[in-house]
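Please look through the structure shown here, moving from its strands to a bond between cysteines and then to the empty space inside.

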Amino acid sequence: MVKFLLLALVLGVSFAHHNNPEITPSEVDGNWRTLYIGADNVEKVLKGGPLRAYFQHMECSDECQTLTITFKVKVEDECQTHTVVGRKEKDGIYITDYSGKNYFRVMEKADGIIIFHNVNVDNSGKETNVILVAGKEENLSKAQKQELKKLANKLNIPNENIQHLEPAGNSIVFHTAHKCI
């Protein structure tokens with residue numbers, strides 16, 4: 001219980017320094033793909049890592065008080081599809097269960113791009129800061145890449161830990177373009 005209260009305090013202080021942009025169903029609902037992912041514990045987002053999520057679809061309901069995300073991960077050489085439902089708290093942080101407890105929020109948004117910050121607390125109590133860029137396009141502009149680096153630095157995620165997840169093939173249908181690799 002003490003760990004949970006400490007985590008809540010740390011998250012509250014950390015997120016208080018950032019603006020939590022509001023999202024709407026028209027901005028979110030549809031097919032998405034993971035463009036970039038990084039973490040302070042990089043092993044969690046490397047190929048085969050439990051937090052290397054390949055987004056497929058997002059949908060929000062109740063004026064985005066809940067955010068449903070469908071994604072794939074590779075577990076023991078097998079690609080698995082997962083769906084999680086994040087419930088928004090008063091402070092703008094969504095909470096869900098996957099590979100432990102997750103506390104995530106939207107850091108930035110632009111046309112067809114959403115940058116998430118997630119704090120994962122695994123079953124052993126280890127915390128991992130994750131930054132994930134979801135997009136409807138295949139890549140970021142140079143300016144968006146610079147913004148990603150700045151945000152990662154603020155979260156103490158080394159730039160060398162940020163990975164670009166390439167689409168498989170030349171498919172325009174992003175929700176089927178990702179392979180679990």
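In which sense do β3 and β4 pair, and over how many bridges? In this predicted model, the pairing of β3 with β4 is antiparallel and extends over seven bridges. One place to find it is Phe55, whose bridge partner in β4 is Phe71. The two strands form a hairpin, with four residues lying between them. On β3 there is also a pairing with strand β1, which covers residues 30-31; these two strands run antiparallel and are joined by two bridges, and Gly30 stands opposite Met58 of β3.

The turn of the hairpin deserves a look of its own. Asp62, in the loop between β3 (54-61) and β4, has a positive phi of about 50° although this residue is not a glycine. Is Asp62 buried or exposed? Its relative accessible area is 56%, and because the cut-off for exposed is over 50%, Asp62 counts as exposed. Another residue that is not a glycine but has a positive phi, here of about 60°, is Asn156, found in the loop between α3 (142-154) and β10 (163-164). Asn156 is likewise exposed, at 62% relative accessibility.

The hairpin also leads to the disulfide. A search of the whole structure finds one such bond, and it joins Cys60 to Cys64, with a distance of 2.1 Å from S to S. A disulfide is a covalent bond between the sulfur atoms of two cysteines. Both Cys60 and Cys64 are buried, whereas Asp62 is exposed.

Further along, strand β4 contains Thr70. Why does Thr70 count as buried? Its relative accessibility is 18%, and buried means under 20%, so Thr70 falls within that class. Leaving aside residues up to four places away in sequence, Thr70 touches Phe55, Gln56 and His57, and also Thr81, His82 and Thr83. Phe55, which is among these contacts, is the residue that bridges to Phe71.

The last topic is the space enclosed by the protein. Rolling a probe the size of a water molecule over the atoms shows where empty space is left. In this model the count comes to two cavities of 30 Å³ or more, and the largest holds about 280 Å³ of space. Of the 15 residues that line the largest cavity, Ala53, Phe55, Asn102, Asn118 and Leu132 are the closest to its centre, so that the reader meets Phe55 once again. Which strands supply at least two residues each to this lining? They are β4 (66-75), β7 (101-110), β8 (113-121) and β9 (127-135). By residue class, the lining of the largest cavity is made up of twelve nonpolar and three polar residues, with no charged residue.

The second largest cavity has a volume of about 50 Å³. Its lining consists of Asn20, Pro21, Glu22, Ile23, Lys88, Gly92, Tyr94, Arg105 and Val106. These residues divide into four nonpolar, two polar and three charged, whereas the lining of the largest cavity has no charged residue.

Notes
Residues numbered from 1 in each chain as written. Predicted model: local features only at pLDDT ≥ 70, side-chain atom pairs only at ≥ 80, totals over all residues. Heavy atoms only, no water. 1 Å grid on protein atoms, 1.4 Å probe; cavity = no way out; pocket = protein on both sides within 12 Å on 5 of 7 lines; lining within 4 Å. Points joined across faces, edges and corners; volume = space filled by probe spheres on them. Nonpolar A, V, L, I, M, F, W, Y, C, P; charged D, E, K, R; others polar. Disulfide = S-S within 2.5 Å. Buried < 20%, exposed > 50% of the residue type's maximum accessible area, 1.4 Å probe, protein only. Contact = heavy atoms within 4.5 Å. Pairing = 2+ DSSP bridges.
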